[in-house]
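Colleague: I've got a model open on my screen and I'd like some help reading it. Could you walk me through the features, starting with the charged pairs?

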Amino acid sequence: MLYDVVLDGETHRLELKPGESGWSCRLDDKDVHVDCALMGSDMLSVILDGKSCQLRRAGNQIFIGDRMYEVSVADPRSWRGRRAASIADSGARKLASSMPGKVVRLLAAEGDAIDEGQGVIVVEAMKMQNEIRSPKPGIIKKLLVREGMNVNAGEVLALVE
């Protein structure tokens, strides 16, 4: 597991691997052996390179003895998903029906500029109306349905670019 840890404003790279006894850690390209035991929901007893200490967490703060440190941790793998999501937002997106029903109203026309979350199509099923909203700002490139059409769940209704 690889993490970026910010400790009092300074960023460190932390790599953790489970070992035979405790954890094998690599902190900023330096190997460190850590053994810890949970003492409570927010407290650990830690042996770090042979030295014992207690860590207590309170929100984004960690206390080691009397010293307090501001800490935040980021998993670099989570950035891949965010990057992929932003790339996916750059192309055309399909608006699909979440349920089978009948198109009762078109709230936008082809070529209209729309905002993220703006309603585009209203589908009715069993007297309930469901507004299909745009997942991103853009322009309605293509409407694939018209009022009065029956649609299936998952059917693509429009393209937003």
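**Salt bridges, strands and confidence**

Modeller: Happy to. This is a predicted model, and the count of salt bridges in it comes to 5.

Colleague: Which residue forms a salt bridge with aspartate 31?

Modeller: Look for a side-chain nitrogen of Lys or Arg within 4 Å of a carboxyl oxygen of Asp or Glu. Here the partner of aspartate 31 is arginine 26, with the closest N and O atoms 2.7 Å apart.

Colleague: Is aspartate 31 buried or exposed?

Modeller: The cut-off for exposed is over 50% relative accessible area. Aspartate 31 has 54% relative accessibility, so it counts as exposed. Arginine 26 has 31%, so that one is partly exposed.

Colleague: And what about arginine 57: which residue is its salt-bridge partner?

Modeller: That's aspartate 42, and their closest N and O atoms are 2.8 Å apart. This pair links distant parts of the chain: arginine 57 sits in strand S6, while aspartate 42 is in the loop between strands S4 and S5, 15 residues apart. Both are partly exposed, arginine 57 at 45% and aspartate 42 at 33%.

Colleague: OK, on to the strands. How many are there in the protein?

Modeller: There are 16 strands, plus 1 helix. In general, strands of a sheet pair through backbone hydrogen bonds, either parallel or antiparallel. One case here is an open sheet of 4 strands in the order S13-S12-S10-S15, paired antiparallel.

Colleague: Which strands stand at the edges of that sheet?

Modeller: S13 (128-133) and S15 (150-151). Each has a single partner strand, so one side of each has no neighbour in the sheet. S10 and S15 are joined over 2 bridges, and lysine 102 stands opposite asparagine 150 in S15.

Colleague: Which residues stand opposite alanine 158 in S16?

Modeller: Leucine 95 stands opposite alanine 158, and so does leucine 143. Strand S9 (residues 93-96) runs antiparallel to S16 (residues 156-160), with 4 bridges between them. Strand S14 (residues 138-143) is antiparallel to S16 too, through 3 bridges.

Colleague: Last one: which element has the lowest mean pLDDT?

Modeller: pLDDT is the predictor's confidence in each residue, from 0 to 100. Helix H1 (residues 76-88) has the lowest mean among the elements, 52, and strand S10 (residues 101-106) the highest, 94. For the protein the mean is 82, with 88% of residues at 70 or more.

Methods: Residues are numbered from 1 along each chain as its sequence is written. This is a predicted model: local features need pLDDT of at least 70, side-chain atom pairs count only at pLDDT 80 or more; totals for chains, interfaces and linings use all residues. Side-chain values use heavy atoms; hydrogens and water are left out. Two strands pair if DSSP finds at least two bridges between them. Buried means under 20% relative accessible area, exposed over 50%, partly exposed in between (1.4 Å probe, protein chains only).
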